Amino acid sequence: MPKLGGVPDGVRRIGRIPVLDVEPTVRHGELPAKSVVHEQFVIRAKVFREGHDAVNATAVLTDPDGGDHYFPMRIDNPGLSAWSATVVADRPGWWSYRIEAWSDPYSSWAHDAGIKIGADIDVELMCAEGVRVLDRFRRAIAGQGADTSAVDRAIDALKDTGRPVVERYSLAVSEEIRGLHRLIPLRELVSPSASYPLLVERELALYGAWYEIFPRSEGAYYDEQAGRWVSGTLRTAADRLPGIARMGFDVVYLTPIHPIGTTARKGPNNSLVAGPGDPGSPYAIGSPDGGHDSIHPDLGTFEDFDFFVEQARRNGLEVAMDLALQASPDHPWVHTHPELFTTRADGTIAYAENPPKKYQDIYPLNFDNDPASAYAEVRRVIQVWLDHGVRIFRVDNPHTKPVAFWQWLIADVAKRYPETIWLAEAFTKPAMMRALAEVGFQQSYTYYAWRNLRWELEEYGRELAGDSAAYMRPSFWPTTHDILTPYMQYGGPAAWKVRAAVAATMSPTYGIYSGYELHEHVARQGAEEQLDNEKYQYKDRQWFRYEPGGDLEGQSLAWYLQRLNEIRRAHPALRWLRNLRFHTADDENVLVFSKSRLVDGGRDTILVVANLDPHTTRETTVHLDMAALGMASWSTFSAHDLVTDSWWDWRSDNFVRVGPDWEPVHIIEVRSH
């Protein structure tokens, strides 16, 4: 292309054939879009040209080794020049993608020649021009090692003035020729867009079921003779791993396991006075026994931690560590790295506050006094746990630290450990949540716990599965050790089923806080968190009592969580986010959505019908978008409820009855007749 002296330096020049509005892009390509291995996603662009000649486009993914992978684009809306292609990357690493627009001389000729030959206008001229186009096409496919015999025959036919012109033209536009052109098109005036970065990660970055535990509670018991609690250990916590694995979880997430300070230690239910046997909050990290690079003596040693990680691996689980970048007043950093803290006018170190809440047992870190020192010290701590096999970090309140720090840390770790996954626990403003995801966090907690109405869940689901899916992957948690919403407090067992089922099927990643199985729904007065919160005391759940033969057998939701995870593993459609589609129901309390995916030549489709009213059984009619299920509007199908093993014959409009007197959620496998 000739130099365009009038275009200022730094201004991107439009290509010979314009390519505009490429999507997805993150911050106009300054930051990478994201996908995981074998995840399909759609690339879109506006492609057009002057005049009436045919234009076409190709999406090109460039792999980490520099190899190009071509995906033909389709025209979705000719009037708006809107093109798209469904693409997929087959391995992890740093990829890029671009759109190549190109002139399509074969299609232009085929269109124009069809009109003119049909009208007996310039017949021989159109055949001669066809020869020129097909000759270029023949050379193009020969260069790819393809058989040119069909094109040779078409060229000979176009030259043969003794044959009927319709026959000559028909050979040149035969399905054999068109098929070759679809595979190896004659592309001229190729005009590439800019290249945009794409980070492709392992599947666990998008899809996984998490289970949260406080290790000190697993195996803890109250010693009646001594009149005190005995802490669980990493070894006793390892005894819980088979039960977690049986429920089908992929990740066991540990709240902080570090030494806990005694200064301003919190007592039960966040009280300001702690008794001699109260363990304190594990988020008040640091004591004379060590800090973030140490293990609480009650829990054991690094040898015990390595044992726990190995036992998790043997049970098919990965370990996620809680990274809470804050310190108790007793943390070694207070003396060895005073620059990590903020000193107030009276000479004291500022403790954490979220007015009106005060956290006197926690000092927040300051990353501005000496950024180099702060960055290096945190990176050193992370390396300790990487060296002990941890590849997942759940980050506590990352929105209270600089975004630039997270971008640096995540990128620096990824240089040697690209498989590392970071989950942001950032219940904050959307702009901050978005920024954290854009700079590297693979997953993010969401507002799911507070989205209870149908319109709220539909709106939120569309947002998460839409444009934001290019950079933010949601993790749905019905409850956490900090969150127990009124819906969960007062909704009864049906609410706990509904919220787990919707979380497990709407979002590829979801999480369960230990004790969910036991319907731990009693809140501390005036707070949306559990009474006798495990954050401040031991909790002996006596799991053995819920096992077969135990006195509380049948009173646990463990079987339901296990069934949800079995369904998730059996149905690849549930491993993706961008394939989420909503349907309708006459009752505003009934949520209907589906996910569908082509797998091994077949279609895997899951349809979910959930009654969001946990108190009342609802009867209504659901109306399905059959195209979203991969079917014609008049089709019928077998609906197999994977929870109850019920079967129905369904079509686009169907009666349902869901609620607490049976099951509040249908999770339906769609089977075509």
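**Exercise 1. Find what share of the contacts in the protein, between residues at least 6 apart in sequence, join residues at least 24 apart, and describe the protein as a whole.**

Solution. Begin with the contacts, where contact means heavy atoms within 4.5 Å: among those between residues at least 6 apart in sequence, 73% join residues at least 24 apart. Before going further, note that this is a predicted model, in which local features need pLDDT of at least 70 and side-chain atom pairs count only at pLDDT 80 or more, while totals for chains, interfaces and linings use all residues. Residues are numbered from 1 along each chain as its sequence is written, and side-chain values use heavy atoms, with hydrogens and water left out.

Next, take the extent of the protein: its C-alpha atoms fill a box of roughly 110 × 65 × 40 Å along the principal axes. Of the 673 residues, 56% are buried, where buried means under 20% relative accessible area, exposed means over 50%, and partly exposed lies in between, with a 1.4 Å probe and protein chains only. Finally, the secondary structure comes to 16 helices and 33 strands; these are DSSP runs numbered from the N terminus, with helices (H or I) of at least four residues and strands (E) of at least two.

**Exercise 2. Describe the closed barrel and one of its strand pairs.**

Solution. First, follow the strands: eight of them form a closed barrel in the order E11-E14-E15-E20-E21-E22-E23-E24, and their pairing is parallel. Two strands pair if DSSP finds at least two bridges between them. Then consider the second step, the pair formed by E15 (residues 318-323) and E20 (residues 392-396), which is parallel and has four bridges. Within this pair, Leu323 has Val395 of E20 as its bridge partner. As general background, strands of a sheet pair through backbone hydrogen bonds, either parallel or antiparallel.

**Exercise 3. Work out how helix H15 lies against helix H16, and how H3 lies against H4.**

Solution. For H15 (residues 492-506) and H16 (residues 558-570), the axes come within 10 Å and cross at roughly 15°; axes are lines fitted to C-alpha atoms, for helices over the stretch in contact, and angles run from 0 to 180 degrees between N-to-C directions. H15 is therefore roughly parallel to H16, since angles under 35 degrees count as roughly parallel, over 145 as roughly antiparallel, 65 to 115 as roughly perpendicular and the rest as oblique. In this contact, Lys497, Ala500, Ala501 and Ala504 of H15 meet Trp559, Tyr560, Leu561, Leu564 and Arg568 of H16. These residues divide into seven nonpolar, no polar and two charged, where Ala, Val, Leu, Ile, Met, Phe, Trp, Tyr, Cys and Pro count as nonpolar, Asp, Glu, Lys and Arg as charged, and the others, Gly among them, as polar.

For H3 (residues 149-159) and H4 (residues 165-172), the axes are 8 Å apart and the angle is about 160°, so these helices are roughly antiparallel to each other. Their contact is made by Ala154, Ala157, Leu158 and Lys159 of H3 together with Arg168, Tyr169, Leu171 and Ala172 of H4.

**Exercise 4. Decide how enclosed strand E27 is, and name its partners.**

Solution. Start with burial: eight of the ten residues of E27 (residues 590-599) are buried, so the strand is largely enclosed by the rest of the structure. On to the pairing, E25 (residues 580-582) joins E27 in the antiparallel sense over three bridges, with Arg581 opposite Ser594. E28 (residues 602-611) also runs antiparallel to E27, and ten bridges join the two, with Ser596 opposite Thr605. The hairpin of E27 and E28 has two residues between the strands, and there Asp600 takes a positive phi near 50°.

**Exercise 5. Describe the surroundings of Tyr97.**

Solution. Locate the residue first: Tyr97 lies in strand E8 (residues 93-103), and it is buried, with a relative accessible area of 1%. Then list its contacts beyond neighbours within four places in sequence; among them are Val22, Pro24, Ile43, Leu61, Tyr196 and Leu198. Lastly, compare positions along the chain and in space: Tyr97 and Asp63 are 34 residues apart along the chain, and their C-alpha atoms are separated by 8.9 Å.
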